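Reader: I am in my first year of study and should be grateful for a close look at one part of this structure. Could you please take me through the salt bridges, with attention to where the partners lie and how far each is covered?

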Amino acid sequence: MSKLRNHVQLIGNIGDVPAITNLESGKKVARFQLATNEHYKNANGEKVQSTDWHTVVAWGKTAEIVEKYAGKGKEVGITGKLKSRTYIADDGNTRYVTEVVADEILLLGNKS
């Protein structure tokens with residue numbers, strides 16, 4: 001039952017080229033925006049598409065897969081967990097961030 005706690009599954013498209021950072025420890029971290037779309041009909045019967053953007057962070061081997069195979073526009077499936085944090089921005093204001101920390105990434109769509 002513990003696998004159900006703080007578990008996220010998303011399928012979407014990568015919004016831009018993932019940012020890859022090589023840490024001093026030799027570990028890699030990849031960050032990218034993932035767009036997920038929802039389609040529905042409104043009260044007038046018109047089709048509507050709603051897009052949500054998610055910040056995804058991948059570490060280690062998962063980041064290496066992102067670096068090699070997951071480019072802008074690529075459709076991917078993500079499993080992971082939500083992680084929230086705060087930081088002080090350059091303007092002195094506190095910022096709150098919620099990110100998806102990816103455990104696994106599945107490459108979907110056409111091979112390119």
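Author: In this predicted model, Arg 85 forms a salt bridge with Glu 99, and the closest N and O atoms are 3.0 Å apart. The pair links distant parts of the chain, since Arg 85 belongs to strand S5 and Glu 99 to strand S6, 14 residues apart. The two partners may be considered in turn. Arg 85 has a relative accessible area of 35%, and therefore counts as partly exposed. Glu 99, at 6% relative accessibility, falls under the 20% limit and so counts as buried.

The structure holds four salt bridges. In another of them, Glu 67 joins Lys 28, with 2.5 Å between the closest N and O atoms. Here too distant parts of the chain are linked: Glu 67 is in helix H1 (residues 60–69) and Lys 28 in strand S3, 39 residues apart. Glu 67 is partly exposed because its relative accessibility is 39%, whereas Lys 28 is buried because its value is 17%.

A further salt bridge connects Asp 91 with Arg 95, whose closest N and O atoms are 2.8 Å apart. Asp 91 has 47% relative accessibility and so counts as partly exposed; Arg 95 is likewise partly exposed, with a relative accessible area of 33%. Finally, Arg 31, Arg 85 and Glu 99 are joined into one network by salt bridges that share partners.

Strand S5, where Arg 85 lies, also pairs with strand S1 (residues 8–14): the two run antiparallel and are joined by six bridges. Within this pairing, Gln 9 has Thr 79 of S5 as its bridge partner.

Terms used:
Residues are numbered from 1 along each chain as its sequence is written. This is a predicted model: local features need pLDDT of at least 70, side-chain atom pairs count only at pLDDT 80 or more; totals for chains, interfaces and linings use all residues. Side-chain values use heavy atoms; hydrogens and water are left out. Two strands pair if DSSP finds at least two bridges between them. Helices (H or I, at least four residues) and strands (E, at least two) are DSSP runs, numbered from the N terminus. A salt bridge is a side-chain nitrogen of Lys or Arg within 4 Å of a carboxyl oxygen of Asp or Glu. Buried means under 20% relative accessible area, exposed over 50%, partly exposed in between (1.4 Å probe, protein chains only).
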